[in-house]
Structures are given as structure tokens and as C-alpha cells.
Amino acid sequence: MLRWTEGSGPTPAASTPTIKNHTATRLGNELFVFGGEVDRRGTLTTAVEAYDPHTNSWRSCTPLPEPLSEPAVGVVGGRVVVAGGRGRVDGRVATRSSAE
């Protein structure tokens, strides 16, 4: 991930501490990252992490209600909405519905 600061070009940003194959959206001055995979086996996570570009740091947030990868995420009325994505049911990949 790269970050841009006023008056300079792109510089490397701190890596997300936990997850890959996630989805992200901006709310306020932070970038929120939802779900994803934590290893090469495709183990899914409930992790939600927020990146602050001003401090170039991450913080953990309230987790998703179930492990999820690649959901659609957007901001509606100042709230983040997470919909769909890949989850697991009985060990198999399954499409999920939504969480808010």
C-alpha cells in the first residue's frame, strides 16, 4: 500500500497487520479494512482494522460477526455497510448476505 502526502509523491505505508484479500472503504479520516484471509490456506477472519494515514498506523476495531473475505463495502448515511463476500459453511466456500 502507498500513501500520498501533500507536496510529495507516494511513500510506502505501514502494512496491514493481519489480513489479505480484504475489502476497504474510507470513513472520516481513516481507511477501514474488512475480513480477508490470514494465511495461504485461505483461513478467513473476522478482523476489521483501521488505517490512519496521518500517523501511518493501524488499529483493531470491532470484528465482523463471522469470518468473511472479499465483501462489498460502502458508506451510507455515515455508516459502513458490508454485504456479500465469501464465507464458509460446513467447511465449504459459500456466499454470504450482509452485516452493518
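Contact here means heavy atoms within 4.5 Å. This is a predicted model, in which local features need pLDDT of at least 70 and side-chain atom pairs count only at pLDDT 80 or more, while totals for chains, interfaces and linings use all residues. Residues are numbered from 1 along each chain as its sequence is written, and side-chain values use heavy atoms, with hydrogens and water left out.

**Exercise 1. Find S69 and list what S69 touches.**

Step 1: Look in the loop between β6 and β7 (72-76), where S69 is found. Strands like these are DSSP runs (E, at least two residues; helices are H or I, at least four), numbered from the N terminus.

Step 2: Check the exposure. S69 is buried, at a relative accessible area of 0%; buried means under 20%, exposed over 50% and partly exposed in between, using a 1.4 Å probe and protein chains only.

Step 3: Skip residues up to four places away in sequence, and you're left with N21, G36, E37, L44, G85 and R86.

**Exercise 2. Take stock of the whole protein: which elements does the protein have, and how much counts as buried?**

Step 1: Count the elements. You get zero helices and 11 strands, so the run from the N terminus is written β-β-β-β-β-β-β-β-β-β-β.

Step 2: Turn to burial. Of the 100 residues, 32% count as buried.

Step 3: Add the surface. About 6300 Å² is accessible, and 51% of that belongs to carbon and sulfur atoms; the areas come from the Shrake-Rupley method with a 1.4 Å probe.

Step 4: Look at sequence range. Take the contacts between residues at least 6 apart in sequence: 33% of them join residues at least 24 apart.

**Exercise 3. Work out the order of the four-strand open sheet and say why β3 and β6 each have a side without a neighbour.**

Step 1: Read off the order, β3-β4-β5-β6, with antiparallel pairing. Two strands pair if DSSP finds at least two bridges between them.

Step 2: Go to the edges. β3 (23-27) and β6 (57-60) each have a single partner strand, so one side of each lacks a neighbour in the sheet.

Step 3: Check the twist. On average, neighbouring strands of this sheet are turned by 25° against each other, direction ignored. Axes for such angles are lines fitted to C-alpha atoms, for helices over the stretch in contact, and angles run from 0 to 180 degrees between N-to-C directions.

**Exercise 4. Trace the β3 and β4 hairpin, then place T25.**

Step 1: Start with the pairing. β3 and β4 (residues 30-34) run antiparallel and are joined by five bridges. A24 sits opposite V33, and R26 opposite L31.

Step 2: Find the turn. Two residues lie between the strands, and G28 there has a positive phi of about 65°.

Step 3: Now T25, which is in β3. T25 is buried at 13% relative accessible area. Beyond neighbours within four places in sequence, the contacts of T25 include L31, F32, V73 and V80.

**Exercise 5. Describe the aromatic pair of Y51 and W58.**

Step 1: Apply the rule: rings of Phe, Tyr and Trp (its six-membered ring) pair if their centres lie within 6.5 Å. The count comes to one pair.

Step 2: Classify it. Y51 and W58 are 5.1 Å apart centre to centre with 45° between the planes, so the pair is tilted, since under 30 degrees would be stacked and over 60 edge-to-face.

Step 3: Check burial. Y51 is buried at 3% relative accessible area, and W58 also counts as buried, at 18%.
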